[in-house]
Amino acid sequence: NAEYMGKSENQLNPNSFVPKCDKAGHEIAIDFYCQSCDKSICVRCVVNHHQQHNSYPIKEATTKYKSAVDELYEQTNAKFPEIDDSISQIKKLLIDLESHFREIE
């Protein structure tokens, strides 16, 4: 198909994208997350620069942070009814204020 000509496999299948370390000489897959530095890193970075840091496999970090994001999402969604009620009350107050303002004029 002409649509796919000249495109790399990563462009054709975004799920196959594997991020690489950007540190000079470390052009290998990022497989770890350093919690101490809040940075995704490769195995060479773990050994050479992050030995004393709290680092763990990226899949583990993904699972951990996905759970945290899911929890924040649920907490945020739980606030919407309260926010909607507040907006309704503010709109009512605005209508009342406009009415009083017209009476004063």
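Buried residues account for 12% of the 105 residues in the chain of this predicted model. The accessible surface of the chain amounts to about 8800 Å², and carbon and sulfur atoms contribute 56% of that area. The chain contains three helices and three strands, arranged from the N terminus in the order α-β-β-α-β-α. Of the contacts between residues at least 6 apart in sequence, 18% join residues at least 24 apart.

The largest nonpolar core consists of seven residues, namely Cys21, Ile30, Cys34, Ile41, Cys42, Cys45 and Val46. In soluble globular proteins, nonpolar side chains tend to be buried together. Within this core, Cys34 is buried, with a relative accessible area of 0%, and Cys45 is likewise classed as buried, at 4% relative accessibility. Ile30, another member of the core, is in contact with Pro19, Lys20, Cys21, Ser40, Ile41, Cys42 and Ile58 when residues up to four places away in sequence are disregarded. Among these contacts of Ile30 are Cys21, Ile41 and Cys42, which also belong to the core.

Zero disulfides were found in a search of the whole structure. For Cys34, which is in no disulfide, the nearest cysteine sulfur is that of Cys37, at 3.7 Å. For Cys45, also in no disulfide, the nearest cysteine sulfur belongs to Cys21 and lies 3.7 Å away. Because a disulfide requires sulfur atoms within 2.5 Å, the Cys34 and Cys37 sulfurs, 3.7 Å apart, are not assigned as one. The same cut-off of 2.5 Å excludes the pair Cys45 and Cys21, at 3.7 Å.

Two salt bridges are present in the structure. In one of them, Asp70 pairs with Lys66, with 2.8 Å between the closest N and O atoms. In the other, Asp96 pairs with Lys92, and the closest N and O atoms are 3.2 Å apart. Asp70 and Lys66 are four residues apart in helix H3, or about one turn of the helix; Asp96 and Lys92 are also four residues apart in helix H3, again about one turn. Asp70 is partly exposed, with a relative accessible area of 35%, and Asp96 is partly exposed at 32%. Lys92 is exposed, with a relative accessible area of 52%.

A nonpolar patch on the surface is formed by Phe80, Ile83 and Ile87, which together have about 260 Å² of accessible area. Ile83 lies in helix H3, which spans residues 58-104. The relative accessible area of Ile83 is 42%, and the residue is therefore partly exposed.

Methods
Residues numbered from 1 in each chain as written. Predicted model: local features only at pLDDT ≥ 70, side-chain atom pairs only at ≥ 80, totals over all residues. Heavy atoms only, no water. Buried < 20%, exposed > 50% of the residue type's maximum accessible area, 1.4 Å probe, protein only. Patch = residues over 30% accessible without salt bridge, like charges linked within 9 Å, V, L, I, M, F, W, Y side chains within 5 Å. Areas by Shrake-Rupley, 256 points an atom, 1.4 Å probe, with all protein chains shown as cover. Salt bridge = Lys/Arg side-chain N within 4 Å of Asp/Glu carboxyl O. Helix = DSSP H or I, 4+ residues; strand = E, 2+ residues; numbered from the N terminus. Core = buried A, V, L, I, M, F, W, Y, C linked by side-chain atoms within 4.5 Å. Contact = heavy atoms within 4.5 Å.
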